[in-house]
Number of protein chains: 2
Amino acid sequence: MEIRRLALLIEYDGAAFHGFQEQGNIRTVQKVLTDALTELTGESDLEVYSSSRTDQGVHARGLVCHVDTACPVPVERLPMALNSHLPDDLALIKAVECQPDFHARHDATGKIYTYRYYLASARPVVWRNLAAHVFGGLDIAAMRRAIPYLTGTHDFHAFMDSNNNPRRSTIRTLEQLELQIDGQMLTLVVRGNGFLYHMVRILAGTLLYVGQGRLQPEDLPGILIARDRRKAGKTMPPQGLCLEQVFYPTNLFNGG
Amino acid sequence: MEIRRLALLIEYDGAAFHGFQEQGNIRTVQKVLTDALTELTGESDLEVYSSSRTDQGVHARGLVCHVDTACPVPVERLPMALNSHLPDDLALIKAVECQPDFHARHDATGKIYTYRYYLASARPVVWRNLAAHVFGGLDIAAMRRAIPYLTGTHDFHAFMDSNNNPRRSTIRTLEQLELQIDGQMLTLVVRGNGFLYHMVRILAGTLLYVGQGRLQPEDLPGILIARDRRKAGKTMPPQGLCLEQVFYPTNLFNGG
């Protein structure tokens, strides 16, 4: 059988996964996905490469992987075939055949993440695994005034937790930051060309502090220049974060 | 201690409950709520009366109950106090003291329900417990053209499953039906003065059939007049349904 490289568009609910990346026998997205592909294809040496390694509790509605396989199932039928081998908190949305040198991580040119805040005095119930609880109101207008300071190309060293290679560049470009309010749900949408470790969760925590009056919008240029993690806001909890979409030079999935 | 009647605004995720109404030792909302109130107050004879008896799998973001209790905790602090006795899929949002003759069910003048359809070829993952999967597209414009036929006062006998007292009136008034689309999520919002058994789920199933071209908008007057359950659409699954709000002659919770 001919080996093809497939690009896979994946959705998962991060609540019951220990993150994306395989770690022995722990229940990670990579392990459950690879096991299902192995069951379906009978190929025991499959290697799944991902655009992103989300942390424990973080969700994805449009993560992209690639894998080389001789699986003869037509790509249009692969979601149906594979999803019967996957648990209900993980699904293949779409599969396409791609160039043999396509790489899900190296070729990615940008990503959209969302971060959801649930604004209420009582803890969230229906949305408890999809949003972070914020007790009390936020000054959303102030949060929106802070956004222009973060948009564009900056050194985001202050917005990174200390897990990264210190020699790597910490300069990134954020093309879009937007706050959408719908009832008690406030959603931060961030589109950028790349993200540092915990960067979206720290951006969300910093905007939270602005909304609470603990930081002023005008403080943000100084935080960026100081490159000091301690001056930015807290790292928000993982369940509010969702990887929505990954971009490539070509429109791989025709809109997913 | 003086006995007071309290009105309770309740939120729950219906996925792991066998509906609202107590049935022996089965995990129902009424049982878990009553047990928590008993733990908090030490009163063993508490009776919780609800505005609504939702079915297994149905959610509520604004169900109203009343209970008579001598609990000395101030109502403002009751959510915090009670929620530590409740599991994470059930919470008290707000409590207020009400008139001693207030009745959560008898005094209700209207309710808002939502029904969520998830429109996609692959099954929903992140939203799997909060929406019904609809494979393939829907003609939302046709669904919207059907709405005026359902709005207003009608005999909704065709939109009721056969669990009701046959002698009870099946005339109800729907003040508002609205379809909101946000990405892949289509939400039906229904406000009415009262609802028959499974009525919202059958309304949702009938509008689905219109969206799929299996019924035409112009078929609806005939379905209402025929009073024949078999002419309406299917009863949609419970997880898409959520009781959002209950109305009373006075604004009990000041907007909740």
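This section describes the contact between chain A and chain B in a predicted model.

The two chains meet through 25 residues from chain A and 25 residues from chain B. The area buried between chain A and chain B amounts to about 2200 Å², and carbon and sulfur atoms account for 52% of that area.

Charged and polar interactions were then examined. Four salt bridges were counted between chain A and chain B. One of these joins R128(A) to D13(B), with a separation of 3.0 Å between the closest N and O atoms. In addition, 20 residue pairs are in polar contact between chain A and chain B, counting pairs with both residues at pLDDT 80 or more.

On the side of chain A that touches chain B, at least two residues each are supplied by β1 (4-12), β3 (59-69), β4 (90-97) and β5 (110-119) of chain A. The most is given by β4(A), which contributes four residues to this side. By residue class, the side of chain A that touches chain B comprises 14 nonpolar, three polar and eight charged residues.

The arrangement of the two chains was analysed by superposition. A turn of 180° combined with a shift of 0.0 Å along the axis lays chain A on chain B with an RMSD of 0.0 Å. The two chains are therefore related by a two-fold axis. The same surface serves both copies, as 100% of the contact residues of chain A recur in chain B. Of the residues of chain A, W127(A) comes closest to the rotation axis, its C-alpha lying at 4.9 Å.

Notes. Residues are numbered from 1 along each chain as its sequence is written. Chains are lettered from A and ligands numbered from 1 in the order in which they are written. This is a predicted model: local features need pLDDT of at least 70, side-chain atom pairs count only at pLDDT 80 or more; totals for chains, interfaces and linings use all residues. Side-chain values use heavy atoms; hydrogens and water are left out. Contact means heavy atoms within 4.5 Å. Buried area is the accessible area (1.4 Å probe) that two parts lose on being put together, summed over both. A salt bridge is a side-chain nitrogen of Lys or Arg within 4 Å of a carboxyl oxygen of Asp or Glu. A polar contact is a pair of N or O atoms within 3.5 Å; within protein, one must be able to donate a hydrogen and the other to accept it, and residues adjacent in sequence count only if both atoms are side-chain atoms. Ala, Val, Leu, Ile, Met, Phe, Trp, Tyr, Cys and Pro count as nonpolar, Asp, Glu, Lys and Arg as charged, and the others, Gly among them, as polar. Copies are superposed by least squares on the C-alpha atoms of residues with pLDDT of at least 70 in both.
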